[in-house]
Amino acid sequence: KESKIDFIPYTKIYESSNKLDVDEVDRLIKNKQLLLANQHATQGFSQNYYWLNFKIDWKSNYKPVLLELDNPHIDNVILFQKIDGIYTKIGFGGDRGKTFEERSYLNRRYIFPLKNSNKSTEYFLMVDKKNASVSFPLWLWDKQAFEINEARENVYFGIYFGVIFFLGFLSLISGLLVRKKVFFYYAGYSLSMAIYLFTALGFSYQFLYPESLNFNNYSRVLLSVIITLFATLFLRAFLKIDENLPRVTKYFKFVNVLLFVLTFTWMFFAGLYRVYTIWFLNVSNIIFFSVFLLSFYSAFKAYKKERTNAVIFFIAFSVMILGLVIYLGIEYGVFEESKFPLNPILLGSGIEIVIFSMAMLHQLTSIISSKDKLEQKTIVLEDNKKSLEVYTEELKKKTKKLQQDISANKLNKEESKTIVLKSKTILPINEITHISSDGHYLSLIKIRS
């Protein structure tokens with residue numbers, strides 16, 4: 001009657017260190033010689049193969065159903081059915097050595113249609129995810145209900161990723177406009193996180209690189225390194241760690257170099273990576289955890305000088321850390337993945353990115369407002385400069401005229417003291433009392449002392 005059933009309680013889970021054929025698995029189960037595994041969807045890190053065994057007593061009135069293995073990252077998965085002693089492979093897929101189109105049902109997860117055989121049918125689901133964290137949430141769906149839910153989820157995911165990508169590109173454009181590194185770093189962080197989540201849900205393998213044989217198996221590791229790089233760069237700028245905590249800056253730089261060395265080692269020595277996958281993942285997780293711890297330490301230290309940014313960091317990263325802790329708990333088999341209707345990192349990262357985006361938007365508006373005020377002050381200064389130049393020019397003219405007047409007055413004053421006659425006689429003007437003229441002759445009468 002239910003449209004979706006958690007099918008793990010109806011399944012027996014077995015594990016084997018060796019790769020086995022389905023008939024051999026069936027024989028070992030009947031003889032009770034195959035090791036029972038932890039009867040939960042989450043197994044933690046393992047190097048074994050897993051076999052999930054269940055039966056369905058089909059009735060004529062049963063509707064078609066779909067079996068969903070809700071983990072997009074399985075190396076190899078095969079579903080067999082046994083009817084009247086005959087084994088038939090009815091579903092298959094994987095992301096190691098296979099393209100996306102090689103799946104029996106094209107979906108980001110592993111979907112297996114189960115046909116009504118009108119008889120008791122036994123099923124064997126082989127899950128190969130060696131040298132990594134293993135989980136296989138198993139759901140039995142009514143076919144019509146699954147298709148409706150799938151369409152609804154795709155709309156929700158489209159909105160979710162659309163918003164995150166929009167915020168990331170908005171930060172990138174803001175960085176180009178105001179020429180501030182913190183916006184570029186945040187754009188790199190949010191976009192790489194969005195691509196990681198897109199990949200974790202299986203969409204990247206379906207839409208970005210469906211022809212790849214192995215890249216989907218390692219893409220999340222590479223994306224984790226890129227996220228860490230941009231996260232440390234962003235936090236250094238956002239909390240001004242370089243100015244206040246230079247030792248933390250040095251450690252962040254060391255972490256980035258170490259992660260890139262490990263990543264390039266994996267790229268050039270893929271065989272070595274397969275052997276030491278669990279070791280590599282554990283070391284990476286420790287490094288990521290140390291980055292988060294130092295980020296919180298830096299925020300505490302920066303609280304006095306950068307109070308607003310520190311508070312924003314605490315709120316945003318607390319949500320992210322909670323999601324990450326739950327996710328790591330699932331990876332190590334502490335929590336049941338089927339108990340969480342939504343990927344915890346998906347929820348934590350979404351809230352974190354929205355909070356940081358609001359903070360960055362506030363910074364952008366503050367920068368634009370400050371820029372506008374600065375431009376207004378610049379205009380006033382330019383106007384004052386022009387007025388000053390005009391006033392200076394007028395002052396120069398007045399000064400020049402005043403100097404000319406002073407020189408003229410000085411000259412007049414000097415010329416008024418004496419008169420030089422043609423006969424070279426010099427008479428003081430203040431001693432002359434009368435002047436008379438007769439043709440070309442000028443007579444001056446001097447006062448006798």
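**Notebook: a sheet, a helix and Ser171**

Started with one residue pair: in S9, Leu66 has Pro113 as its bridge partner. Worth remembering as I go that this is a predicted model.

Next I looked up the strands around that pair. Strand S6 covers residues 65–69 and is joined to S9 by five bridges, with the two running antiparallel.

Then I wanted the whole sheet. In what order do the four strands sit? I read it as S1-S12-S6-S9, an open sheet with antiparallel pairing. At the edges I found strand S1 (4–6) and strand S9 (110–114); each has a single partner strand, so one side of each has no neighbour in the sheet. I also noted the twist, which averages 25° from one strand to the next.

After that I checked what lies across the sheet. Helix H2, residues 143–178, lies across S6, S9 and strand S12 (138–142). Against S12, I have the helix running at about 105°.

I picked one residue of helix H2 to follow up, Ser171. Is Ser171 buried or exposed? I noted a relative accessibility of 4% for Ser171; buried means under 20%, so Ser171 counts as buried.

Which residues does Ser171 touch, leaving out those up to four places away in sequence? I listed Phe183, Tyr186 and Ala187.

Last entry, on a partner from far along the chain: Met360 is 189 residues from Ser171 in sequence, yet I got 7.6 Å between their C-alpha atoms.

Terms used: Residues are numbered from 1 along each chain as its sequence is written. This is a predicted model: local features need pLDDT of at least 70, side-chain atom pairs count only at pLDDT 80 or more; totals for chains, interfaces and linings use all residues. Side-chain values use heavy atoms; hydrogens and water are left out. Two strands pair if DSSP finds at least two bridges between them. Axes are lines fitted to C-alpha atoms, for helices over the stretch in contact, and angles run from 0 to 180 degrees between N-to-C directions. Contact means heavy atoms within 4.5 Å. Buried means under 20% relative accessible area, exposed over 50%, partly exposed in between (1.4 Å probe, protein chains only).
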